[in-house]
Structures are given as C-alpha cells and as structure tokens.
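Colleague: Hi! Could we go through the pockets in this one together?
Modeller: Happy to, let me bring it up.

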Amino acid sequence: MGNYLRTDILEEGIRSLEFICERLDLVLEDTYQWKWIIIGTDNALQNFMVAALRDSVGYNILHAKIRKKWWNAFLKEKKRPEEKLDGFLNLYSGIQSSQMKNYFGSKPFIPNQVQDSSIKKLHELRNKFIHFIPKGWSLEVSGLPDIITRCIEIIDYLVNESGNILFYEEMHDNRYHLVVKKIKGKINNMMELYKTNEMTPSMANMGVGNID
C-alpha cells in the first residue's frame with residue numbers, strides 16, 4: 001500500500017527527546033550539536049504542552065486569530081478555517097492557566113523563576129537559529145545544560161503530574177521514561193564535567209554575542 005511516515009503528538013514529543021539524547025553523546029566533541037539540542041528541546045516541549053492543553057475538539061491550542069471563526073464553524077457544522085497552532089510562549093502561558101483543567105484532578109503548571117527564565121531563553125535561542133540572520137555569532141554554552149534540565153522538568157510535570165497526558169500505548173510510556181532517564185543522566189555527567197573544569201553551568205554564565 002506504499003510507504004508512510006506516521007506520527008502523532010506524543011510520538012513527536014518522544015522522538016524529539018530521543019533526538020536530544022543522541023545529540024548529547026556528541027556535544028562534548030562537537031559543540032555545534034548544541035544547536036540541534038536547543039531546537040529539539042523546544043520542539044519536545046511544544047509537543048508535550050500541546051498534548052497537555054488540547055481539549056476534546058482541539059480548540060484551545062489554536063492561534064487566537066482563528067479561534068472564533070473555527071469555533072463558529074464547528075458549532076454550525078460548516079467547513080472550518082485552516083488550523084494554525086498557537087505560538088510557543090502562548091502555549092507556555094496556557095499550561096499555567098485554567099486551560100489545563102481538562103479532567104477531574106488536572107492542574108496547571110506553576111513555574112519557579114529559574115524555570116520561567118530558562119524557557120524564555122531556550123525559545124529565544126531557538127528562534128535565533130531557525131531565523132538565522134547572516135552574521136558571526138558566538139554562543140557561550142556552559143549554561144545550556146541547566147536550561148535543558150529545567151525544560152525536562154516541565155515536560156516531566158506535564159506527563160506525570162498535570163493529569164492531562166495519558167500514554168495509551170505501553171511502548172510510548174516505556175520509551176518516554178527511558179529516554180528522560182538517559183537525558184537526565186547525561187546532563188548530570190556534563191554538569192560534573194563543567195565543575196571539574198571550573199565552569200559553572202548557570203544562567204549567569206550564558207551569554208550571546210556577535211563576532212564582527
């Protein structure tokens with residue numbers, strides 16, 4: 001019947017985590033791999049935020065500009081406008097709001113200051129890579145392990161504590177918990193290496209600058 005690439009929102013999230021895990025094996029030898037880890041982490045977090053937020057009809061994950069038109073068409077059983085996913089930071093705001101109360105016992109995410117700043121820095125860097133403007137660019141990477149750790153913490157909350165994500169397939173459940181365990185181990189080892197080299201992987205040590 002032909003060859004197909006099949007995916008869904010949880011497969012997308014887990015695949016992104018597995019991609020990050022693979023890149024972490026290479027990054028100490030090739031610092032450029034941080035680009036792909038940043039992009040992969042952003043993508044993983046976005047997919048798990050969507051999975052946690054999505055209501056039964058998928059209305060609340062859509063971009064604000066088309067929500068009203070989409071909802072009116074849905075109610076009148078007319079052709080709906082083309083769906084467009086809401087922006088990353090809007091989704092991030094969504095997981096902190098009443099939009100998360102999809103089920104009995106569901107609860108929103110409440111970030112601490114470090115998690116909040118990490119998410120915003122991650123997405124800023126992701127956008128700099130995806131919408132790269134020709135220039136020379138130097139990125140201090142010693143703070144990146146901490147940023148990735150905070151993002152994994154949020155994904156873990158969405159999966160294990162929000163009450164909104166359920167793995168219907170045991171394979172997804174097993175893959176998710178295995179890859180997160182591996183990522184945490186690799187990041188912890190990297191942080192220890194930074195400490196050995198007298199580097200502190202904190203937000204304070206992370207800077208972005210241009211090279212003329």
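Colleague: Which element gives the most to the lining of the largest pocket?
Modeller: That would be α2, with three residues. Keep in mind that this is a predicted model.

Colleague: Sure. And how much space lies in that largest pocket?
Modeller: About 410 Å³. The lining is made up of 17 residues, and the closest to the pocket centre are Ala-51, Tyr-103, Asn-164, Leu-166 and Tyr-168.

Colleague: Which elements give two or more residues to the lining there?
Modeller: Those are α1, spanning 9–24, and α2, spanning 33–53.

Colleague: And what does the lining of the largest pocket have by class?
Modeller: You'll find nine nonpolar residues, along with four polar and four charged.

Colleague: Nice. Let's switch to the second largest pocket. What volume does it have?
Modeller: About 190 Å³.

Colleague: Which residues line the second largest pocket?
Modeller: Going along the chain, Thr-31, Tyr-32, Trp-34 and Lys-35 are among them, and so are Phe-129 and Phe-132. The list is completed by Trp-137, Ser-138, Leu-139 and Val-141.

Colleague: Which elements give two or more residues to that lining?
Modeller: Here we meet α2 again, together with β1, which covers 137–139. The top contributor to this second lining is β1, with three residues.

Colleague: Last one: how many residues of each class are in the lining of the second largest pocket?
Modeller: Seven are nonpolar, two are polar and one is charged.

Definitions and conventions. Residues numbered from 1 in each chain as written. Predicted model: local features only at pLDDT ≥ 70, side-chain atom pairs only at ≥ 80, totals over all residues. Heavy atoms only, no water. 1 Å grid on protein atoms, 1.4 Å probe; cavity = no way out; pocket = protein on both sides within 12 Å on 5 of 7 lines; lining within 4 Å. Points joined across faces, edges and corners; volume = space filled by probe spheres on them. Helix = DSSP H or I, 4+ residues; strand = E, 2+ residues; numbered from the N terminus. Nonpolar A, V, L, I, M, F, W, Y, C, P; charged D, E, K, R; others polar.
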